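Q: Please take a close look at a single part of this structure, the element that carries its side-chain contacts and surface features, and then set that part in the context of the whole chain. I would like one connected account rather than a list.

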Amino acid sequence: ESREQLIKLQSQIDTITTKNQALIEQISSTQSSLHEEKRKSANAVAENKVMKERQDQLENRNGEYRNQLKLLEKQLSELETEYGYADADLQMMCKKYGTLNAHVETVIATKTKNNEEAMEIMQKSI
């Protein structure tokens, strides 16, 4: 009877040992999976950090470009204002030139008429 109990106990010990071994393998596998997931997570965190730094750099550059654009828009506005003044000055000069040109043409016409009259008087007197 004690021999049967001993065999029974040995059988139970073997079953428990087999189950323990299976649990140890399962724990080891789970630890390996966890280690791999932890490694992937660490890589993802590092990659996210790099991406965040890149995003910050791009946002800074974008801010610089916005500032440059504002400066260029201001310069353009100033140039448009200067062009407006220059255009108004040019138009005024054109009006003055037109008036002066008309006066010169009148003087020339008058002188030509006077010269023609003088020539007629001289020819009549000859």
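A: Val 104 is found in helix 1, the element that covers residues 2-125, and everything said about this residue and the others below refers to a predicted model. With a relative accessible area of 36%, Val 104 is partly exposed, because its value falls between the 20% below which a residue counts as buried and the 50% above which a residue counts as exposed. Val 104 also belongs to a nonpolar patch on the surface, in which Leu 100 and Ile 108 are the other members, and the three residues together have about 260 Å² of accessible area.

Polar side chains come next, and here the count of salt bridges comes to two. In one of them, the side chains of Glu 36 and Arg 39 meet at 2.5 Å, taken from N to O. These residues are three apart in helix 1, so about one helical turn separates Glu 36 from Arg 39. Glu 36 is partly exposed at 29% relative accessibility, and Arg 39 is likewise classed as partly exposed, with a value of 40%. A salt bridge also joins Asp 56 to Lys 52, with 3.0 Å between the closest N and O atoms. In this pair the residues are four apart in helix 1, so the separation of Asp 56 and Lys 52 again amounts to about one helical turn. Asp 56, at 30% relative accessibility, counts as partly exposed, and Lys 52 counts as partly exposed at 46%.

Gln 10 lies in helix 1 as well, where its relative accessible area of 43% makes this residue partly exposed. Gln 10 can also serve to show how sequence separation translates into distance along the model: from Gln 10 to Gly 84 there are 74 residues in sequence and 107 Å in space, C-alpha to C-alpha.

Turning to the whole, the protein chain has one helix and zero strands. Its radius of gyration is 53 Å, whereas the globule rule gives 14 Å for 126 residues, so the protein chain is more spread out than a compact globule. The C-alpha trace spans about 180 × 20 × 15 Å along its principal axes. Of the 126 residues in the protein chain, 0% are buried, and the accessible surface of the chain comes to about 12,100 Å², with 57% of that surface belonging to carbon and sulfur atoms. As for charge, the protein chain holds 18 positive and 21 negative charges, and the mean positions of these two sets are 3 Å apart.

Definitions and conventions:
Residues numbered from 1 in each chain as written. Predicted model: local features only at pLDDT ≥ 70, side-chain atom pairs only at ≥ 80, totals over all residues. Heavy atoms only, no water. Patch = residues over 30% accessible without salt bridge, like charges linked within 9 Å, V, L, I, M, F, W, Y side chains within 5 Å. Areas by Shrake-Rupley, 256 points an atom, 1.4 Å probe, with all protein chains shown as cover. Salt bridge = Lys/Arg side-chain N within 4 Å of Asp/Glu carboxyl O. Helix = DSSP H or I, 4+ residues; strand = E, 2+ residues; numbered from the N terminus. Buried < 20%, exposed > 50% of the residue type's maximum accessible area, 1.4 Å probe, protein only. Rg over C-alpha atoms; globule rule 2.2 N^0.38 Å. Lys, Arg positive; Asp, Glu negative; His and termini not counted. Charge placed at Lys NZ, Arg CZ, Asp CG, Glu CD.
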